[in-house]
Amino acid sequence: MIDLVKLHEYKEMFGFFAGQLAYPDKAAFRELREAEELNCPPAVREPIAAYRERMLLLSMDDIEEQYVQTFDFEKSSTLYMTYFKYEDSRERGQMLTALKGVYELYGLEMEGRELPDYLPVMCEFLYAAQWLNQEQAETAMQTLLTVLEDGTYKLMKSLEKQDSPYFYLIKGLRETFKLCLRQEVNASELG
């Protein structure tokens, strides 16, 4: 189960991930240079540092080219999180509708042409939406994080095979998810 308070604590991190996963621009590159100042646990900091180190070796043009080659031309590393599980099936349409419903529940209107399972949009929602202490938040966030967990696992594996710097970014995102899980207390530990 998801711990909504912890998920809320990492809102800034989700904003960082959203910026780094969107099409590269100078603001995201500047944010990347400042990433070592991110206040995050070591499990997240280490992959972010590896990502940062590899990306800072590249020019802005190289980053843009790498982004397009990785996410636009490689089906196995798409940023559409439901594609991995459903491809273009009817079930995917149902999941996209459910995600759109989650966003609308908390005031986010889907504008433009992006689908609701686009990873930067999902991270931006976690960063910007006011869902803490709201009705149905636990169910809504569980739906969102289930899609994110499934999709980012396949994405991370694909990026690892490609030896992409984005592998480390997705690894950091997944580590952030882990930090947001409710820690169940085992009855035997209570003594």
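**Entry 1: the largest cavity**

I started with the empty space inside this predicted model. The largest cavity holds about 80 Å³ of space. I then checked how many cavities reach 30 Å³ or more, and the count came to one.

Next I looked up the walls. Of the 13 residues lining the largest cavity, those closest to its centre are Gln 20, Pro 24, Ala 28, Tyr 51 and Ile 63. Helix H2 (11–21), H3, helix H4 (42–55) and helix H5 (60–72) are the elements that each give two or more residues to this lining. H3 gives the most, with three residues. I sorted the lining of the largest cavity by class and found 10 nonpolar, two polar and one charged residues.

**Entry 2: the largest pocket**

From the cavity I moved on to the largest pocket, where about 210 Å³ of space lies. I noted its lining as Tyr 67, Phe 71, Asp 72, Thr 78, Leu 79, Tyr 80, Arg 113, Glu 114, Leu 115 and Tyr 118. By class, six residues in the lining of the largest pocket are nonpolar, one is polar and three are charged.

**Entry 3: how far to trust the model**

I wanted to know the confidence before going on. The protein has a mean pLDDT of 89, and 94% of its residues reach 70 or more. Where in the protein is confidence lowest, and where is it highest? It is lowest in helix H3 (residues 26–33), with a mean of 84, and highest in helix H10 (residues 166–179), at 96. Residues 185–191 are a stretch to treat with care: the pLDDT there is below 50, and beyond near neighbours in sequence the stretch has one contact in the model. I reminded myself that predicted coordinates should not be read in detail where pLDDT is low.

**Entry 4: the nonpolar core**

I turned to the largest nonpolar core, which has 55 residues. Which of them touch the most other members? They are Leu 7, Phe 17, Leu 119 and Met 141. Helix H9 (residues 137–161) supplies the largest share of this core, 10 residues. A general habit is worth keeping in mind here: in soluble globular proteins, nonpolar side chains tend to be buried together.

I picked Met 141 for a closer look. Setting aside neighbours within four places in sequence, Met 141 is in contact with Ile 2, Leu 4, Leu 7, Val 102, Tyr 106, Phe 125, Leu 126 and Trp 131. Leu 7 is in that list, and Leu 7 was also among the core residues touching the most other members.

**Entry 5: along helix H10**

I followed three residues of helix H10, beginning with Gly 172. Is Gly 172 buried or exposed? Gly 172 counts as buried because its relative accessibility is 0%. Its C-alpha atom and that of Val 44 are separated by 4.7 Å, although the two residues are 128 apart along the chain. Leaving out neighbours within four places in sequence, Gly 172 is in contact with Phe 17, Val 44, Pro 47 and Ile 48.

Lys 171 is also placed in helix H10. With a relative accessible area of 31%, Lys 171 is partly exposed. Beyond neighbours within four places in sequence, I found Lys 171 in contact with Pro 47 and Met 156. I also looked up its C-alpha separation from Tyr 51, which is 9.5 Å across 120 residues of chain.

The third is Glu 175, again in helix H10. Glu 175 is buried, at a relative accessible area of 15%. With neighbours within four places left aside, Glu 175 is in contact with Ala 43 and Val 44.

**Entry 6: three loop residues**

Ser 164 sits in the loop between H9 and H10. Why does Ser 164 count as buried? Its relative accessibility is 2%, and the cut-off for buried is under 20%. Not counting residues up to four places away in sequence, Ser 164 touches Arg 54, Gln 66, Thr 70 and Leu 159.

I then checked backbone angles, knowing that most residues other than glycine have a negative phi. Glu 87 is not a glycine, yet has a positive phi of about 50°. Glu 87 lies in the loop between helix H6 (83–86) and helix H7 (90–105), and is partly exposed at 47% relative accessible area.

Asn 133, also not a glycine, has a positive phi of about 65°. I found Asn 133 in the loop between helix H8 (119–128) and H9. At 74% relative accessibility, Asn 133 counts as exposed.

Definitions and conventions
Residues numbered from 1 in each chain as written. Heavy atoms only, no water. Core = buried A, V, L, I, M, F, W, Y, C linked by side-chain atoms within 4.5 Å. Buried < 20%, exposed > 50% of the residue type's maximum accessible area, 1.4 Å probe, protein only. Helix = DSSP H or I, 4+ residues; strand = E, 2+ residues; numbered from the N terminus. Contact = heavy atoms within 4.5 Å. pLDDT = per-residue confidence, 0-100. 1 Å grid on protein atoms, 1.4 Å probe; cavity = no way out; pocket = protein on both sides within 12 Å on 5 of 7 lines; lining within 4 Å. Points joined across faces, edges and corners; volume = space filled by probe spheres on them. Nonpolar A, V, L, I, M, F, W, Y, C, P; charged D, E, K, R; others polar.
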